[in-house]
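The following exercises concern covalent and charged contacts and the exposure of the residues that make them. Each task is followed by a solution in steps.

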Amino acid sequence: MSGEESDWLGALWFAAIVAALVVLFAAALRVRVYGAGWRRWALRLGLIGGALAATLAANVAIYRHDAHLDVTRERAFTPSREAEDVVRSLQEPVDVVYFYQKDNPAGRSAVTMLELMGRLNPKLAVETVDIDRNPARAGALGVRLYNTAIIRAGTNRVEVLTTEDREIALGILRALRQHQTLVCFATGHGEYDIDNFEFHTHFEVAQGHSHNSEGAGVVQMEQHGLGRLRRAVEKLGLATRKVELAAGRPVPAECDALVDANPRTPHAPPEADILRRYLQAGGSYMLLVEPDFAVEPALAGLLAEAGARIGAGVIVDPVDHYFTDEQMIAVTRYANHPVTRSQALSFYPGARPVEPVPGRDVKATALFASSPKSYVVGDRTHFREEAATAERRSYPLAVAAEGKLPGAGRPFRLIVVGDADFASNSFFPYLANADIALAGVSWLLREDRLPTLKPPVEVLPQVTLTNAEVRWIFILTVILLPGAVALAGIGVWLWRRR
C-alpha cells in the first residue's frame, strides 16, 4: 500500500470512528433504564461499562489508524513533499535517531516532522532523544551537539546536524548508497572552478564589466565558478573530483559522470578521441558551452554522432525572456524527459542553439527551446541590426541523448546545453536552474528513477516574472482596472442624467 493510500485510509478510519462515537453518545442520551433494585443498578453499570469499553476501543482504533491534518496553506506542520517521497520510496530498513533539546522550539519541530515521516513507511524507524535527559544514549553514539540525526542503513552511518526534514531526507539518500558515486569536473581549458563558493560570476573586458564574455581581451576573474553546484552535489551523497582533460590522459574509469562547464580554450583533436573512448565504455558526459566558445571540429563531429549539434550565434527571444534582456532566455515549457519532469521557470543568460541529431542507435531529445518568435544573431552587442533579416523560429537550447556509438560495449548518456552561466554561482540558486542542473546530473548517473530532492540553497525569497507576465500585469493594473472604474463612473453619470 502506498503512502497516499495509507493517508486516505487513516482519514477514513478517523471519520468513521468519530461518527460512531457521536452516534453512541447521542443514543446514550435517549436510553431509558428500566427495572428496580439491583437490576436497575446492574443495567446502569452495564451501560457505563459498555460506553467505557466502546470509548477505549475507539481510542485504540484512532491510535492505530491515526490521521494528520494540516490546514495551513504553507503546510507548516507537514514534512516537505520531497522528504515524504524519499521516505515512501524506502525498500530497506533505515534507522534515524534524533538528539534534541526539549527547550529548543526548532528541535521540537524537527521531532514532530520526523515522527510524521515515520508513519509514512514502516521501514523507517524513528527514535527521538532529549540529550539532557538521556546523555548516555548520546554518548553511546558519539553525539555531542543538539539537533543531530544519526541515520543508519545496513552498515552505512550518516550524521546530519540540522533541524530541517529535507536535510534528514538527504542524509537518508546518502545512507542508502551502496557505493560512492563519483562526479568528475573537467579542467584544463579554463572551465568554471568548483573550489569557490562566491555568489557572483563575471568577466572583465575592454568595454567594462559584464556577466557575459563578449568583446576582445576577455579575462576570466578567479574565485568564481561552480562552487554552489559542487556543494549541492556533495549534499546528495556524491563525491566530486577535478579531472584534467588532456591528450594522453584518459578519463578515469571511476568517473560515473563527467561535467565540462564553460571551457574557454578549444579542445585538441586527441581529446575528442579520449571522450569517444569514455562514451564507448558507457560514460556520461555533460557539456555546458557559451555562445562565444569555438567548438573544435573533431569534438563537434563526436557530439553530432552522439546526438547533439551545437549551433553558432546567440538566441534572442523577444517574447520569453527574463527582465528586459531579450538574450536572457526564460523557459516555462519543457519536453517530456526525466531531466525536465515537473520543472518550473528557468532562465539562461546568453545561449546558443543546440539541435538534436537522432541516429540509428542514438535517441536524442531537445529538452527545452525558445519561443517561435526568437531568432539567432552573430553579434550580440548589435543584435537589433540583424533582427530584421533573421529567421524567426523556435531554437532548442539543450539536448539529452543516449545510445551506443560504433564499437561501444555499453550505452552512453550525454547532455549538451548552449549556456553555462545558468549553473554558475551567479544564477544556480534562482528559480529552477538548480533543479535542471541537478536533475541532469542524476540522469547522467542513471538515478533518474529515484526521488528528486534539491539540497537547500541559500537565497532570499523573491517573486520572478517573465517579460510577458510583467506586460500583462501592467495592462491589467494600469489600463484595464482604471479603465473599468472610469467606464463605471461614466455609466452611472449617464444613468442619473436620464
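**Exercise 1.** Is Glu244 buried, partly exposed or exposed?

*Solution.* The model is a predicted one, in which local features need pLDDT of at least 70, side-chain atom pairs count only at pLDDT 80 or more, and totals for chains, interfaces and linings use all residues. Residues are numbered from 1 along each chain as its sequence is written, and side-chain values use heavy atoms, with hydrogens and water left out.

Step 1. Buried means under 20% relative accessible area, exposed over 50%, and partly exposed in between (1.4 Å probe, protein chains only).
Step 2. Glu244 has a relative accessibility of 38%, so Glu244 is partly exposed.
Step 3. Its salt-bridge partner is Arg249, with an N to O distance of 2.3 Å; a salt bridge requires a side-chain nitrogen of Lys or Arg within 4 Å of a carboxyl oxygen of Asp or Glu.
Step 4. Arg249, at 44%, is likewise partly exposed.

**Exercise 2.** Locate the disulfide and determine its handedness.

*Solution.* Step 1. A disulfide is a pair of cysteine sulfur atoms within 2.5 Å, and the structure holds one.
Step 2. The sulfur atoms of Cys184 and Cys255 lie 1.9 Å apart.
Step 3. The torsion about this S-S bond is about -85°, so the disulfide is left-handed.
Step 4. Cys184 belongs to strand E5 (residues 182-187), while Cys255 sits in the loop between strand E9 (239-244) and strand E10 (257-261); the bond therefore ties together parts that are 71 residues apart in sequence. Strands (E, at least two residues) and helices (H or I, at least four) are DSSP runs, numbered from the N terminus.
Step 5. Both cysteines are buried: Cys184 has a relative accessibility of 0% and Cys255 one of 4%.

**Exercise 3.** Identify which parts of the chain are linked by the salt bridge of Asp193 and by that of Asp292.

*Solution.* Step 1. The structure has 19 salt bridges by the rule above.
Step 2. Asp193 pairs with Lys242, the closest N and O atoms being 3.0 Å apart. Asp193 lies in the loop between E5 and strand E6 (203-205) and Lys242 in strand E9, 49 residues apart.
Step 3. Asp292 pairs with Arg264 at 2.7 Å, N to O. Asp292 is in the loop between strand E11 (284-288) and helix H9 (297-306), and Arg264 in the loop between E10 and helix H8 (269-280), 28 residues apart.
Step 4. Salt bridges that share partners join Asp193, Asp195, Arg230, Glu234 and Lys242 into one network.
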